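Q: Could you show me how to read a few features of a model, one at a time?

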Amino acid sequence: MKRQLKAMLYFFITDMRYSYSIFWSVLGSIILLSLVVTYLLNNFEETVMYLAISIAVYVYAAILGFITVKESLSFSIKMGGTRKNYFASIGLYFIGFSIVTAFIESTLHLVTVTSTKLFSISEFNLIHPAALLGEDGSFIYRFAIDAIIIFLCVTLFFLIGLIFYKYNLVVGLSLIGLIILTIVGAAARGTLLDLIEKLVLEPSFSYFLVTLGISLIIYLLSWPLLYNITVKSARLS
């Protein structure tokens, strides 16, 4: 089991290494370009720039979670991996991915903020969820919040990817439609607005701990879909 876990983790990491490098290269270039543009524009007029690099990281994590199913599941099983080991290795992979990615994102945030101070670009601002707690200046808070949200994104979209893989397009799209209807219904009843208002007016780190618990439950829910899953996707049937 130990050797199989190592082999799967090695496969996951090497498989995502290229896209991971491209993502950070593009994001770093966008930040650098935004800094330069803000600096240059301020010589002519008062300009304020806001950038939310954490949102880009969350979107990337969601996409990675979704395509992981397609790119690794059938291959791992065909190579002799058991579904139980796949379930365990994907959990370790997502935890490691969340920690490493949160660390890189927090470090990039720190470097960017330090650069704005160094070059006196006070009009350039980075937006981060830690600002809700008034802790956007804390590396530890940014790292912890990012790691939790990234883990939520990869596990949630991995589960959705599994549903698309195991069943068919109609079931997958129906699920997404149900989620959208639920959100719209909550917004229409005012529940969603009340929740956002509570999060903003009564911020607490405990909300993120609840999010972590929900993410772990979502990860565990992927096992009933995995334990008897076939090599062939239902979308190809």
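Q: Which backbone atom lies 3.3 Å from a polar atom of the side chain of Ser 106?
A: A polar contact is a pair of N or O atoms within 3.5 Å; within protein, one must be able to donate a hydrogen and the other to accept it, and residues adjacent in sequence count only if both atoms are side-chain atoms. Here the partner is the backbone nitrogen of Phe 143. The model is predicted: local features need pLDDT of at least 70, side-chain atom pairs count only at pLDDT 80 or more, and totals for chains, interfaces and linings use all residues. Numbering runs from 1 along each chain as its sequence is written, and side-chain values use heavy atoms, with hydrogens and water left out.

Q: Is Ser 106 buried or exposed?
A: Buried means under 20% relative accessible area, exposed over 50%, partly exposed in between (1.4 Å probe, protein chains only). Ser 106 has 0% relative accessibility, so Ser 106 counts as buried. Not counting residues up to four places away in sequence, Ser 106 touches Phe 139, Arg 142, Phe 143 and Asp 146 (contact: heavy atoms within 4.5 Å).

Q: Which helix gives the most residues to the largest nonpolar core?
A: In soluble globular proteins, nonpolar side chains tend to be buried together. A nonpolar core is a set of buried Ala, Val, Leu, Ile, Met, Phe, Trp, Tyr and Cys residues joined through side-chain atoms within 4.5 Å. The largest one here has 51 residues, and Ile 90 is among those that touch the most other members. Helix α4 gives the most, 13 residues (helices are DSSP runs of H or I, at least four residues, numbered from the N terminus). Beyond four places in sequence, Ile 90 is in contact with Phe 12, Thr 68, Phe 158 and Tyr 219.

Key. Helix = DSSP H or I, 4+ residues; strand = E, 2+ residues; numbered from the N terminus.
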